[in-house]
Amino acid sequence: MSDARLAISAAEDAGAGTLAPDALAEAKVVLRSAEQNIARRAYTAARRDAALTKELATKAREVAEAAAEKSARDQVVPIKEL
């Protein structure tokens, strides 16, 4: 569970809330499912959901990082144009 929470935090830090909101929201939904499964002592399902959360949050982070990088590249003005 801690890996899943850390992955969501990393995605948020990368700007996924703005740059990949659907992917981040999906990861958070699955995390809530994992937490509910722990409360019900459904540990196998909780582990599965935690692993899926980590995967989804990592993807959201990667999408956000790529979007931020693209945005930064698009804002660079070539020297010839100055």
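Which exposed residues does the face of α1 turned away from its buried side carry? Leu6 and Asp13 are the residues to select for the answer. The model on display is a predicted one, and the tour below proceeds from this helix to its partners.

**First stop: helix α1**

Select residues 2-13, which form α1. This helix has twelve residues and reaches 16 Å from its first C-alpha to its last, close to the 16 Å expected at 1.5 Å a residue. Next, colour Ala4, Ala7, Ile8 and Ala11, the buried residues of α1. Seen down the helix axis, these buried residues fall within an arc of 100°, so they line one face of α1. An α-helix has 3.6 residues a turn, so residues three or four places apart point the same way. With the buried face coloured, turn the view to the side facing away from it, where the exposed Leu6 and Asp13 are carried. Just after α1, select Gly15, which takes a positive phi of about 95°.

**Second stop: the start of the chain**

Move to Met1, in the segment before α1. Is Met1 buried, exposed or partly exposed? Its relative accessibility is 26%, so Met1 counts as partly exposed. Display its surroundings beyond four places in sequence: Met1 touches Leu31, Ala34, Glu35, Ile38 and Ala50. A distance label between the C-alpha atoms of Met1 and Ala46 should read 8.3 Å, although these residues are 45 residues apart along the chain.

**Third stop: the nonpolar core**

Now select Ile8, Ala11, Ala16, Leu24, Ala27, Ala57 and Ala60. These residues have the most contacts inside the largest nonpolar core, which has 16 residues. The elements giving two or more residues to this core are α1, α3 (residues 21-39) and α4 (residues 43-75). Helix α4 supplies the largest share, five residues. In soluble globular proteins, nonpolar side chains tend to be buried together.

Within this set, centre the view on Ala16. Leaving aside neighbours within four places in sequence, Ala16 is in contact with Ala11, Pro21, Leu24, Ala60 and Ala64.

**Fourth stop: two buried polar residues of α4**

Select Thr53, which is placed in helix α4. Thr53 has a relative accessibility of 0% and therefore counts as buried. Which residues surround Thr53, apart from its neighbours within four places in sequence? Its contacts are Ala4, Ile8, Ala27, Val30 and Leu31. Two of these residues, Ala4 and Ile8, belong to the buried set of α1.

Asp49 also lies in α4. At 6% relative accessibility, Asp49 counts as buried. Display Val30, Ser33, Ala34 and Asn37 around Asp49: these are the residues that Asp49 touches, not counting those up to four places away in sequence. Val30 is also in contact with Thr53, and Ala34 is also touched by Met1.

**Fifth stop: salt bridges**

How many salt bridges does a search of the whole structure find? The search finds five, and three of them are visited here.

Begin with Asp3 and Lys54, whose side chains meet in a salt bridge with an N to O distance of 3.9 Å. Asp3 lies in α1 and Lys54 in α4, so this pair ties together parts that are 51 residues apart in sequence. Asp3 is partly exposed at 45% relative accessibility, and Lys54 is partly exposed at 38%.

Proceed to Glu12 and Lys28. In this salt bridge the closest N and O atoms are 2.8 Å apart. Glu12 lies in α1 and Lys28 in α3, so the pair ties together parts that are 16 residues apart in sequence. Glu12 is partly exposed, with a relative accessible area of 37%. Lys28, at 30% relative accessibility, also counts as partly exposed.

End with Glu65 and Arg61, whose side chains meet in a salt bridge at 3.1 Å, N to O. Both residues are in α4, four residues apart, and are therefore separated by about one helical turn. Glu65 counts as partly exposed at 38% relative accessibility, as does Arg61 at 23%.

Conventions:
Residues numbered from 1 in each chain as written. Predicted model: local features only at pLDDT ≥ 70, side-chain atom pairs only at ≥ 80, totals over all residues. Heavy atoms only, no water. Buried < 20%, exposed > 50% of the residue type's maximum accessible area, 1.4 Å probe, protein only. Contact = heavy atoms within 4.5 Å. Core = buried A, V, L, I, M, F, W, Y, C linked by side-chain atoms within 4.5 Å. Expected span 1.5 Å × (residues − 1). Arc of directions from axis to C-beta. Salt bridge = Lys/Arg side-chain N within 4 Å of Asp/Glu carboxyl O.
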